[in-house]
Every structure is written in structure tokens, then in C-alpha cells.
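Biologist: Please take one strand of this model and go through it closely: its pairing, its side chains and what lies around it. I would like one connected account.

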Amino acid sequence: MSPRRNRPRGGETPTGHDGEVSDRYGGFQRTESWQGEEWAVRQVAGAGAAGKRYRCPGCDQEIPSGVPHVVAWPEYGGVDDRRHWHKACWNAKDRRTSRVQRSRNAPKF
């Protein structure tokens, strides 16, 4: 009996449960439609984060390093179009207003 093979052979693309495609970093990427555009969406595990802090465009709060979150960008956008969202903020993006106002004491970055 030969050993079990866990890696895909050749040009096969491993897929997840909902048609998600595995990327080279081991995460899963899917496509969603939002605001008339197709968006690529990737889950980021907290342990594999780059040690950076990001600002969520949904709630305008910081996402500390090590916290699981979502990275989304327009399907035909570039690296500069990527945005890091809290998972709950991405899921509630259709229910939020487009204008988030910061308080007077909030940092301006």
C-alpha cells in the first residue's frame, strides 16, 4: 500500500466547501459582489498576520496585529486597493452608512 497523498497533483487547484480557492498562503479566497463590483475576499488568521495594525473602513477602528480579519479588494484592483475589515464589519457592510465620522479625539491616520 502506498502512502496517502495530501497535496494536489500538478495544476490542480484545491477548493474549499463553497467554491473557495486556496491561495499560496494556505488561506481561502472567494469572490463576492458588492456595490456593483466583484470583490476578492480573503480570511486572514490572526497568528499569520504581519504584525501590522490596520484601520477597518467599516467602523473606523483599529485592527490590532494578531486578530483574525478579512482582506477585500476589487477583483481587478491593485495592491493599493486592498482593505482590511473586521469580519463583523464586512458581513454588515450593506447595513452601514457610507459616512463614518470620527470623534474629536480620534487619531487622524
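Modeller: Strand S3 (residues 37-44) pairs with S6 in the antiparallel sense, over 6 bridges. This is a predicted model. One of the bridges sets Trp39 opposite Pro74 of S6. S6 also pairs with S7, again antiparallel, through 3 bridges; here Val70 has Trp85 of S7 as its bridge partner.

Now the side chains. In a regular strand they alternate between the two faces of the sheet. In S6, His69, Val71 and Trp73 point one way, while Val70, Ala72 and Pro74 point the other way. Both sets are buried, and the strand is mostly covered, with 6 of its 6 residues buried.

His69 belongs to S6. Its relative accessibility is 3%, so His69 counts as buried. A polar atom of the His69 side chain lies 2.9 Å from the backbone oxygen of Val67. Leaving aside neighbours within four places in sequence, His69 is in contact with Arg42, Gln43, Val44, Tyr54, Ile63, His84, Trp85 and Lys87.

After S6 comes the loop that leads to strand S7 (83-85), and Arg82 is found in that loop. Arg82 has 39% relative accessibility and therefore counts as partly exposed. Not counting residues up to four places away in sequence, Arg82 touches Val71, Ala72 and Trp73, residues whose side chains do not all point the same way from S6: Val71 and Trp73 point one way and Ala72 the other. The C-alpha atom of Arg82 is separated by 9.2 Å from that of Ala40, although the two residues are 42 residues apart along the chain.

Two further places can be added. Asp60 sits in the loop between strand S4 (54-55) and strand S5 (62-63). Its phi is near 65 degrees, a positive value in a residue other than glycine. Asp60 has a relative accessible area of 15%, which means that it is buried, as the limit is under 20%.

The last point concerns the cysteines. The sulfur of Cys59 has its closest cysteine sulfur in Cys89, at 3.7 Å, which is too far for a bond because a disulfide needs the two sulfur atoms within 2.5 Å. Cys89 is likewise in no disulfide; the nearest cysteine sulfur to its own is that of Cys56, 3.7 Å away. By this rule the count comes to 0 disulfides. Cys89 is buried, with a relative accessible area of 5%.

Methods:
Residues are numbered from 1 along each chain as its sequence is written. This is a predicted model: local features need pLDDT of at least 70, side-chain atom pairs count only at pLDDT 80 or more; totals for chains, interfaces and linings use all residues. Side-chain values use heavy atoms; hydrogens and water are left out. Helices (H or I, at least four residues) and strands (E, at least two) are DSSP runs, numbered from the N terminus. Buried means under 20% relative accessible area, exposed over 50%, partly exposed in between (1.4 Å probe, protein chains only). Contact means heavy atoms within 4.5 Å. A polar contact is a pair of N or O atoms within 3.5 Å; within protein, one must be able to donate a hydrogen and the other to accept it, and residues adjacent in sequence count only if both atoms are side-chain atoms. Two strands pair if DSSP finds at least two bridges between them.
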